[in-house]
Amino acid sequence: MTDMNKTTANLINESLNRLCQKAEQQREFLLSPSQDNLTTTQGHILMLLAEQPMQTNAQLADRLNLSRAAVTKAIKSLQHDADDGGYLEAVMDQHDGRVVRFQLTEQGQLHAQDHLRQHQVTLQIYQELLNDYSESEQQVIKSFMEQLVMKLEA
């Protein structure tokens with residue numbers, strides 16, 4: 001292993017560790033600050049309900065790759081946190097009264113838009129960073145990231 005290789009490997013290790021520390025207890029990594037006091041999981045639930053209303057707890061848990069219990073906890077706080085009645089409301093399914101679906105309140109719509117904005121700003125920052133690299137360099141970065149994800153998931 002060359003000195004450059006060791007230095008780069010150490011930089012990757014330090015960078016990934018800092019990313020993990022920053023993203024710990026979060027559903028996703030966003031570079032744009034939130035304009036509210038919601039967790040990223042709560043914000044993402046709102047965003048998913050804005051994209052497709054009337055989802056169940058189980059559907060949200062599947063889309064977020066989280067446990068149903070974690071989604072239930074986030075939903076309960078979203079129903080009670082806002083001053084004017086919450087960010088979302090429960091609606092009984094018309095065909096099966098045992099099934100509860102969720103839809104956004106007006107306050108929930110606003111916060112869903114903020115979370116979507118955070119996603120857009122984060123992608124814009126990545127694009128700006130990539131502008132400093134040629135297409136061939138970007139291809140190397142892409143390949144490295146794909147291989148890294150494969151190793152993480154192995």
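Which residue is the bridge partner of Leu 88 in strand 3? It is Leu 104. Keep in mind that this is a predicted model.

Let's stay with the strands for a moment. Leu 88 and Leu 104 are bridge partners, and their strands pair antiparallel. Strand 2 covers residues 88-92, and 5 bridges link strand 2 to strand 3. Strand 3, residues 100-104, also pairs with strand 1, residues 55-56. That pairing is antiparallel too, with 2 bridges. There, Gln 55 has Phe 102 as its partner in strand 3.

Now helix 2. Its 12 residues should span 16 Å at 1.5 Å a residue, and the end C-alpha atoms are 16 Å apart, so the two agree. Is helix 2 enclosed or not? Of its 12 residues, 10 are buried, so the rest of the structure largely encloses helix 2. The buried residues run through Thr 40, Thr 41, Gln 42, Gly 43, His 44, Ile 45, Leu 46, Met 47, Leu 48 and Leu 49. What do they pack against? Strands 1, 2 and 3, plus helices 3, 4 and 5.

Take helix 5, residues 106-130. Its axis and that of helix 2 are 8 Å apart, at an angle of about 105°. Angles of 65 to 115 degrees count as roughly perpendicular, and therefore helix 2 and helix 5 are roughly perpendicular.

Who touches whom? From helix 2 come Thr 40, Gly 43, His 44, Leu 46, Met 47 and Ala 50. From helix 5 come Gly 108, Gln 109, His 111, Ala 112, His 115, Leu 116 and His 119. Sort those contact residues and you get 5 nonpolar, 8 polar and no charged.

How values were computed. Residues are numbered from 1 along each chain as its sequence is written. This is a predicted model: local features need pLDDT of at least 70, side-chain atom pairs count only at pLDDT 80 or more; totals for chains, interfaces and linings use all residues. Side-chain values use heavy atoms; hydrogens and water are left out. Axes are lines fitted to C-alpha atoms, for helices over the stretch in contact, and angles run from 0 to 180 degrees between N-to-C directions. Helices (H or I, at least four residues) and strands (E, at least two) are DSSP runs, numbered from the N terminus. Angles under 35 degrees count as roughly parallel, over 145 as roughly antiparallel, 65 to 115 as roughly perpendicular and the rest as oblique. Contact means heavy atoms within 4.5 Å. Ala, Val, Leu, Ile, Met, Phe, Trp, Tyr, Cys and Pro count as nonpolar, Asp, Glu, Lys and Arg as charged, and the others, Gly among them, as polar. Two strands pair if DSSP finds at least two bridges between them. The expected span of a helix is 1.5 Å times one less than its number of residues. Buried means under 20% relative accessible area, exposed over 50%, partly exposed in between (1.4 Å probe, protein chains only).
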